[in-house]
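Work through the exercises below with the sequence and the 3D structure open beside you. Try each task before reading its solution.

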Amino acid sequence: MVNMRRIRSLSVLLAVGLCGGSAGPDTLKTHGIFTSNMVLQRDKPIVVWGWAGPGQKVSVRFGEERAEATAGGGAGRWEVTFPARPAEATGRKLMVTSGDKTIEMDNILVGDVWVMNGQSNMAFPLAKVHEADMEMAAATVPLLRRVDIDPNESEKPETDIPAAKLKGWTVCTPQTAGDFSAIGYVFGSRLQQALQVPIGIIDNARGGAAIESLVPPHKFKEHPLAAAYKADLDRRIAAFDEDAAV
């Protein structure tokens with residue numbers, strides 16, 4: 001797992017290998033990762049972003065704080081930054097408004113956010129482990145939340161996650177714990193008990209996944225071996241014949 005305290009915002013990871021697009025002129029939306037029940041990283045600036053019609057004013061309110069931005073460029077992307085906060089276990093609202101359109105999200109906490117990136121053993125659900133019923137029956141952990149990203153790989157960096165590929169943030173209860181990754185649940189629930197702060201798990205585990213999928217493409221240029229790997233990968237992608245492979 002990768003702790004998000006070392007990353008400025010979720011945008012670094014979620015813009016790599018995830019499909020999506022931009023908003024139309026009459027549309028207001030946030031990046032798909034922002035939903036009710038989510039956990040935001042403590043002690044780091046809180047970055048919220050999305051899309052609206054180019055030139056439209058966007059107002060974002062988190063708790064009692066408010067920030068404004070203007071959607072720019074052809075895609076109409078906007079972004080606001082709130083000051084860093086300590087851990088907060090009291091749920092707050094996140095409201096995004098532009099013109100007569102409003103997006104409202106509830107029960108948002110501030111704590112530690114971790115990204116689960118691994119292969120099939122990392123993705124293996126709690127419901128399938130030995131004596132899972134006993135573990136699930138005790139899984140009332142309201143300060144543990146999880147968001148699940150379904151397979152939607154892309155060979156190029158994308159800007160958003162398709163709604164059909166993203167399950168919103170879920171609060172851990174005996175009814176929902178079975179869908180958590182077994183490793184993610186054990187790790188997250190024990191960490192929450194130890195630290196007594198909200199814990200968010202971004203479940204992007206995938207059978208056969210490679211750690212390189214979490215590295216922004218430009219970072220490969222910073223080391224000769226990584227640069228050589230990226231060059232070889234680019235060559236193989238360019239030479240790939242989908243029809244021949246099928």
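Two strands are taken as paired if DSSP finds at least two bridges between them, and the strands themselves are DSSP runs of at least two residues, numbered from the N terminus. The model used throughout is a predicted one.

**Exercise 1. Find the bridge partner of valine 115 in β12, and then describe how strand β12 is placed among its neighbours.**

Solution. Begin with the pair itself: valine 115 has isoleucine 202 as its bridge partner in β12. Next, look at the strands that flank β12: strand β9, residues 101–116, runs parallel to β12 and is joined to it by five bridges. Strand β10, residues 141–149, also runs parallel to β12, again with five bridges, and here aspartate 148 is matched with aspartate 203. Now turn to the side chains, where Ile199, Ile201 and Asp203 point one way while Gly200 and Ile202 point the other way, all of them being buried. Since five of the five residues of β12 (residues 199–203) are buried, the strand is largely enclosed by the rest of the structure.

**Exercise 2. Give the strand order of the open sheet of three strands, and explain why β2 and β7 each have one side without a neighbour in the sheet.**

Solution. The order is β2-β4-β7, and the pairing is antiparallel. Because β2 (29–30) and β7 (77–82) stand at the edges and each has a single partner strand, one side of each is left without a neighbour in the sheet. To follow one of these pairings in detail, take strand β4 (residues 46–51), which is joined to β7 by six bridges in the antiparallel sense, with tryptophan 51 bridged to arginine 77 of β7.

**Exercise 3. Classify two of the aromatic pairs, and say which parts of the chain they tie together.**

Solution. A search of the whole structure yields four aromatic pairs. In one of them, phenylalanine 62 and phenylalanine 82 have ring centres 6.2 Å apart and planes at 55°, so the pair is tilted. Phenylalanine 62 belongs to strand β5 (residues 57–62) and phenylalanine 82 to strand β7, so this pair ties together parts that are 20 residues apart in sequence. Phenylalanine 62 is buried, at a relative accessible area of 1%, and phenylalanine 82 is buried as well, at 2%.

In another pair, the rings of tryptophan 114 and phenylalanine 187 have centres 5.0 Å apart and planes at 75°, so the pair is edge-to-face. As tryptophan 114 lies in strand β9 and phenylalanine 187 in helix α4 (residues 182–195), the parts tied together are 73 residues apart in sequence. Tryptophan 114 counts as buried at 18% relative accessibility, because the cut-off for buried is under 20%, whereas phenylalanine 187, at 28%, counts as partly exposed.

**Exercise 4. Check the span of helix α4, and describe its ends and its surroundings.**

Solution. At 1.5 Å a residue, the 14 residues of α4 should span 20 Å, and this agrees with its end C-alpha atoms, which are 20 Å apart. At the N-terminal end, serine 181 acts as a cap, with a side-chain oxygen 3.3 Å from the backbone nitrogen of isoleucine 183. After α4 comes glutamine 196, whose phi is positive, near 60°. Within the helix, the buried residues include Ala182, Gly184, Tyr185 and Gly188, and among the elements covering the buried residues of α4 are β9, β10 and β12.

Methods:
Residues are numbered from 1 along each chain as its sequence is written. This is a predicted model: local features need pLDDT of at least 70, side-chain atom pairs count only at pLDDT 80 or more; totals for chains, interfaces and linings use all residues. Side-chain values use heavy atoms; hydrogens and water are left out. Helices (H or I, at least four residues) and strands (E, at least two) are DSSP runs, numbered from the N terminus. Buried means under 20% relative accessible area, exposed over 50%, partly exposed in between (1.4 Å probe, protein chains only). Rings of Phe, Tyr and Trp (its six-membered ring) pair if their centres lie within 6.5 Å; planes under 30 degrees apart count as stacked, over 60 as edge-to-face and the rest as tilted. The expected span of a helix is 1.5 Å times one less than its number of residues. Contact means heavy atoms within 4.5 Å. A polar contact is a pair of N or O atoms within 3.5 Å; within protein, one must be able to donate a hydrogen and the other to accept it, and residues adjacent in sequence count only if both atoms are side-chain atoms.
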